[in-house]
Amino acid sequence: MKLQNKINSRFLIVTLLVFTVAGVIFYFSLGHLIDHNIKGILKSRRTNIIQYLQHNKTDSILHGSPDRTIFIHQIAKIQDRSRITDTLAFDVRKKELVPFRKMVFTTTVDNNCFEVTILQSLIESEDLQAIIFYFMSILFFLILLALFFVNRWLSDKAWKPFFNSLSLLKSWKISDKKQISFDQTDISEFDQLNRMLEEMIQKMQTDFINLKEFTENASHEIQTPLAIIKSKLELLLNDNELSVLQHKRLRDAFESTTRLSKLNDALLLLSKIENKQFVEKVDVDFCKLISSRLEYLEELFALKQIELSVQLDIRVIISINPMLADILINNLLSNALKHNFNHGKLIISSEINKITFANTGNPLSIDPSKLFKRFVKNNTSEESTGLGLAITTEICKANHLRLNYNFSNDLHIFTLVS
Amino acid sequence: MGLLLKKNTVKILVVEDEKMLCETIISYLEGEGYICEQAGTIGIGTEKINLYEYDCMLVDIGLPDGNGLSLVRELKKCHPDTGIIIISAKNSLDDKIMGLDLGADDYLTKPFHLSELNSRIKSLLRRRKFEGQKELIVGQIRILPENRQVFIENELLPITKKEFDLLLYFISNPGRVLTKESIAEHLWGDFADASDSFDFVYSHIKNLRRKLLEKTGTEYFRNVYGTGYLFE
């Protein structure tokens, strides 16, 4: 959820809640006030009527008032309490039943008992209450609308430096040698944040360069002695005076040195991929790449008499570092070749955003989930470093690709999904 | 040997700070009949290329007093005809591209096989000295490297691309034991350990050997204790 939307929606919800509660309270207070008011009116009318009855002849008013809101009856016995109830009565003007509040009380004038009924129309006060309520609602709504836009405008303005920094960070890559610099803002918190970011980025860049230098230096330092050992052994192997046994020992040493240097290469490559040192990406047509690699490997497949079936009509284009793309395809093809039978099969096919490599071969002797781990070998083959598929996995991870493995119909199936 | 390169005139400068490696390279190359000189720093290297003329320079990128690429630049200025091979421990694509852009002819990553280095030097000298038009004659075998053709007694030998590469590699390193590893790497590069490549080396050599034996009646290849092969 976007920051703006989050703030705005929370703000809106809280405001709506407050307005609703306030509205309800207001509505009921208003009702209560009107009730109270009507009660007051009824009471004052009662006092007036009692006074009137005491001062005037009772006969004249026994018929009630002309507006049919006061009715007076003579009764036999006096009752204690006055009652206030709600009722419906016929309104002459409106010609319909409208709500009235009715007060019934008894009083004694000249030893005569009277029951007096006063009717007070509620229609005006209800109308009043409704009008006030509607008016307030509209007012609330307008305030809400205004607050919403003002708030959005304000937060847009206030957060602008933040979004500027964010877009700068988004476009920044660690491999960029240029220093990132944020604009001065008029908000001190953002200035602080920007300064911290600048410091962090500078530190990261230094660390990255150090790391890069270290990996390359490590490679240099290890490869040079290895080169010396290898070349000395090669010279020795050309010595004609060696005995068979000496020659065999030398050969073993030579082979191990070769393996060591391959391991070193592979581990360095892994750390370089993990350190995201391959940043330059281009769109690589994987189908074209596979075809050209296959051409190169044609012979190796032919020698093992592997039946190749290639279906690469659907183009798969992936944005990736070209060197990594090369290594990725090399490793997958090598894998399909190395672990294949003589007279085996390799089926390569492409779908939309998907390339499948299916090859025959002995079923795995290891847990398939461990297949992509480092130094895991299916059979302890001496030539294999056990890093090929680990490198493949790292390349996929670094380029947001997926590599799936499953075994079905006696085929090892690797699927590359972009 | 029947190579038409006048070996006694080929001078090579090896610029490498690692003494032992430098000695090994020189000892191997001197065994090939080249005259070699060594320089351990850019300073000495610059001095030498300004004083003498070399046919080829091998230069390490990481030198104690700077980047070997500056020496490439320097050499291109004073002797543009000298062949340049960069040897580097950094398998870095940037360095490789930059080196080749500056005019280097080849790029080898450490550790390399001496036989590979030798074959690259030979191919470089062939291209540089004779503008590519050169034939190599070994016994009854005549090779036209530029056309990638092999003739036995004026008869074209049907040969595959890989077999040709293999033959040229052996002819560049006569009388040397070529290990299976170096042959596999020479033929398939990064794919050398892609497969049971030693079997393939074996099968390629078997085919080549058979073809040559049929036409010439001579056994050129010798297996050396399972380590590799020798071309005689």
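**Exercise 1. The make-up of chain B**

Task: In this predicted model, work out how many helices and strands the secondary structure of chain B comes to, and what share of its residues is buried.

Solution:
- Start by going through the secondary structure of chain B, which comes to 8 helices and 14 strands.
- Next, turn to burial: of the 232 residues in chain B, 55% are buried.
- Finally, look at the contacts between residues at least 6 apart in the sequence of chain B; 60% of these join residues at least 24 apart.

**Exercise 2. The make-up of chain A**

Task: Repeat the tally for chain A and find its helices and strands, along with its share of buried residues.

Solution:
- The secondary structure here comes to 8 helices and 11 strands.
- Chain A has 418 residues, and buried residues make up 39% of them.
- For contacts in chain A between residues at least 6 apart in sequence, the share joining residues at least 24 apart is 65%.

**Exercise 3. A salt bridge within one helix**

Task: Find the salt-bridge partner of A:Asp207, and decide whether A:Asp207 is buried, partly exposed or exposed.

Solution:
- The partner is A:Lys203, and the closest N and O atoms of the pair are 3.0 Å apart.
- Now place the pair: A:Asp207 and A:Lys203 both sit in helix α4 (residues 188-237) of chain A. They are 4 residues apart, about one turn of the helix.
- For accessibility, A:Asp207 has a relative value of 38%, so it counts as partly exposed.
- A:Lys203 has a relative accessible area of 52% and is exposed, because the cut-off for exposed is over 50%.

**Exercise 4. A salt bridge between a helix and a strand**

Task: Which elements of chain B does the pair B:Lys48 and B:Glu37 tie together?

Solution:
- First confirm the pair: B:Lys48 forms a salt bridge with B:Glu37, with 3.0 Å between the closest N and O atoms.
- B:Lys48 lies in helix α2 (residues 42-51) of chain B and B:Glu37 in strand β2 (residues 35-39) of chain B, so the salt bridge ties together parts that are 11 residues apart in sequence.
- Then check burial with care, because buried means under 20% relative accessible area. B:Lys48, at 19%, is buried, whereas B:Glu37, at 21%, counts as partly exposed.

**Exercise 5. More salt bridges**

Task: How many salt bridges does the structure hold over all chains, and which residue does the side chain of A:Lys354 meet in one of them?

Solution:
- Over all chains, the structure holds 21 salt bridges.
- The side chain of A:Lys354 meets that of A:Glu351, at 3.8 Å from N to O.
- Both ends are partly exposed: A:Lys354 has a relative accessible area of 29%, and A:Glu351 is at 40%.
- Salt bridges can also link up into a network, as they do for A:Asp35, A:Asp86 and A:Arg101.

**Exercise 6. Two helices side by side**

Task: Describe how helix α5 (residues 244-274) and helix α8 (residues 388-398) of chain A cross, and say what kinds of residue make up their contact.

Solution:
- Begin with the axes, which come within 9 Å and cross at roughly 15°.
- Angles under 35 degrees count as roughly parallel, and α5(A) and α8(A) are therefore roughly parallel to each other.
- The handedness of this crossing is left-handed.
- From α5(A), the contact uses A:Ala266, A:Leu269, A:Leu270, A:Ile273 and A:Glu274. From α8(A), it uses A:Ala390, A:Ile391, A:Glu394, A:Ile395 and A:Ala398.
- Sorting these residues gives 8 nonpolar, no polar and 2 charged.

**Exercise 7. Backbone exceptions**

Task: Where do A:His400, A:Asp410 and B:Pro111 lie, and what are the phi values of A:His400 and A:Asp410?

Solution:
- Keep the background in mind: most residues other than glycine have a negative phi, and most peptide bonds are trans.
- A:His400 has a positive phi of about 55° although it is not a glycine. Its place is the loop between α8 and β10 (402-408) of chain A, and at 69% relative accessibility it counts as exposed.
- A:Asp410, also not a glycine, has a positive phi of about 60°. A:Asp410 is in the loop between β10 and β11 (411-417) of chain A, and its 57% relative accessibility makes it exposed.
- In chain B, the peptide bond from B:Lys110 to B:Pro111 is cis, with omega near -10°. B:Pro111 lies in the loop between β7 (106-109) and α5 (114-129) of chain B.

Conventions
Residues are numbered from 1 along each chain as its sequence is written. Chains are lettered from A and ligands numbered from 1 in the order in which they are written. This is a predicted model: local features need pLDDT of at least 70, side-chain atom pairs count only at pLDDT 80 or more; totals for chains, interfaces and linings use all residues. Side-chain values use heavy atoms; hydrogens and water are left out. A salt bridge is a side-chain nitrogen of Lys or Arg within 4 Å of a carboxyl oxygen of Asp or Glu. Buried means under 20% relative accessible area, exposed over 50%, partly exposed in between (1.4 Å probe, protein chains only). Axes are lines fitted to C-alpha atoms, for helices over the stretch in contact, and angles run from 0 to 180 degrees between N-to-C directions. Angles under 35 degrees count as roughly parallel, over 145 as roughly antiparallel, 65 to 115 as roughly perpendicular and the rest as oblique. A crossing is left-handed if the near helix is turned anticlockwise from the far one by less than a right angle, and right-handed if clockwise. Contact means heavy atoms within 4.5 Å. Ala, Val, Leu, Ile, Met, Phe, Trp, Tyr, Cys and Pro count as nonpolar, Asp, Glu, Lys and Arg as charged, and the others, Gly among them, as polar.
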